[in-house]
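Visitor: Got a minute to walk me through this one? I'd like to get a feel for the fold before I go back to the bench.

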Amino acid sequence: MIKRIAVYCGARDGNDPAFNHEAQRLGKWLVSHNIELVYGAGAFGLMGTLARTVLQNGGMVHGVITSELAERGAIYNELPDVRIVPNMDIRKQTMMSLADGLLAFPGGFGTLEEISEAASWTTVGDNNKPVTFYNFKGFYDPLLDLFKQMNKAGFVEDPYLNSVYFGDQFDQILAFMQSYKAPAHRQYTKKFKNKKR
């Protein structure tokens, strides 16, 4: 059951007003499906738009932010549930623990770093929650191509490539999350002997 989704997205609006419109649409969609939002507690950019939309439509928002970012004024002070944590590592871990599914919306370096960590943790068995990308207007097509190239080159096995979902429809993303089964984590059983000189 998907009751909470962690959304990683830009702390900026981006150059295309359509990104902001999609953030509003996602916020309304979450509320209409009785899904609570977990996000980085920011007040600006797509993050702020998404959180405000959820709250304005009667939904629930859980924010997680570092003390440094809060002190710098990035925090959205009207959140009903906000957790201030010491650093980014704990922020990411807390967001993942609070959510049932993980979704990357268009964003920048931070968005990519957070969702990539979640995907990499799948391979080692530290994340059993679905990792998804909202591929609005093909935003994540280059990343999907890179993942496929990693797979082709032998660095990402089929189960892990297939454990990450790229979609441009919220309902399809939710359907993937609801039917998701985490792949078995990697096994490291091969022993290497020191070569004699």
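**Starting in the core**

Guide: Sure. Val-64 is buried, with a relative accessible area of 0%. Keep in mind that this is a predicted model.

Visitor: Okay, and which element does Val-64 lie in?

Guide: Val-64 is part of strand 3, residues 61-66.

Visitor: What does Val-64 touch, not counting residues up to four places away in sequence?

Guide: Leaving those out, Val-64 touches Tyr-39, Gly-40, Ala-41, Arg-83, Val-85, Arg-91, Thr-94, Met-95 and Leu-98.

Visitor: Let's zoom out to the sheet. How many strands, and in what order?

Guide: There are 7 strands in an open sheet, ordered 4-3-2-1-5-6-7, and the pairing is parallel. The twist averages 25 degrees from one strand to the next.

Visitor: Which strands stand at the edges?

Guide: Strand 4 (81-85) and strand 7 (164-167). Each has a single partner strand, so one side of each is left without a neighbour in the sheet.

Visitor: How many bridges are there between strand 1 and strand 2?

Guide: Strand 1 (residues 4-8) pairs with strand 2 (residues 36-39) over 3 bridges, in the parallel sense. Arg-4 stands opposite Glu-36 of strand 2 there.

Visitor: And strand 6, what does it pair with?

Guide: Strand 5 is joined to strand 6 by 3 bridges, and the two run parallel. Leu-103 has Thr-132 in strand 6 as its bridge partner. Strand 6 also pairs with strand 7 in the parallel sense, over 4 bridges. In that pairing, the bridge partner of Phe-133 is Phe-166 in strand 7.

Visitor: Which way do the residues of strand 6 point?

Guide: Val-131 and Phe-133 point one way, while Thr-132 and Tyr-134 point the other way. All of them are buried.

Visitor: Why would they switch like that?

Guide: In a regular strand the side chains alternate between the two faces of the sheet.

Visitor: Fair enough. Now helices: where does helix 5 lie?

Guide: Helix 5 (residues 109-124) lies across strand 1, strand 5, strand 6 and strand 7, and runs at about 150 degrees to strand 6. Together, strand 5, helix 5 and strand 6 make a right-handed β-α-β unit.

Visitor: What about helix 1, which strands does it lie across?

Guide: Helix 1 lies across strand 1, strand 2, strand 5 (101-104) and strand 6 (131-134). Relative to strand 1, helix 1 runs at about 170 degrees.

Visitor: I noticed a Glu in that helix. Is Glu-22 buried or exposed?

Guide: Glu-22, in helix 1, has 7% relative accessibility and counts as buried, because the cut-off for that is under 20%.

Visitor: Which residues is Glu-22 in contact with, leaving aside its neighbours within four places in sequence?

Guide: With those set aside, Glu-22 is in contact with Phe-105, Tyr-134, Phe-136 and Phe-170. You've already met Tyr-134 as one of the buried strand 6 residues.

Visitor: Last topic. How do helix 1 and helix 2 cross?

Guide: The axes of helix 1 (residues 17-32) and helix 2 (residues 45-56) come within 8 Å and cross at roughly 35 degrees. The crossing is right-handed. Helix 1 residues making the contact include Phe-19, Ala-23, Leu-26 and Leu-30, and among those on helix 2 are Leu-46, Leu-50 and Val-54.

Visitor: What's the contact like by class?

Guide: It has 8 nonpolar, 5 polar and 1 charged residues.

How values were computed
Residues numbered from 1 in each chain as written. Predicted model: local features only at pLDDT ≥ 70, side-chain atom pairs only at ≥ 80, totals over all residues. Heavy atoms only, no water. Axes fitted to C-alpha atoms, helices over the stretch in contact; angles between N-to-C directions. Left-handed = near helix turned anticlockwise from the far one by under 90°. Contact = heavy atoms within 4.5 Å. Nonpolar A, V, L, I, M, F, W, Y, C, P; charged D, E, K, R; others polar. Pairing = 2+ DSSP bridges. Buried < 20%, exposed > 50% of the residue type's maximum accessible area, 1.4 Å probe, protein only. Right-handed = clockwise from strand over helix to strand, strands pointing away.
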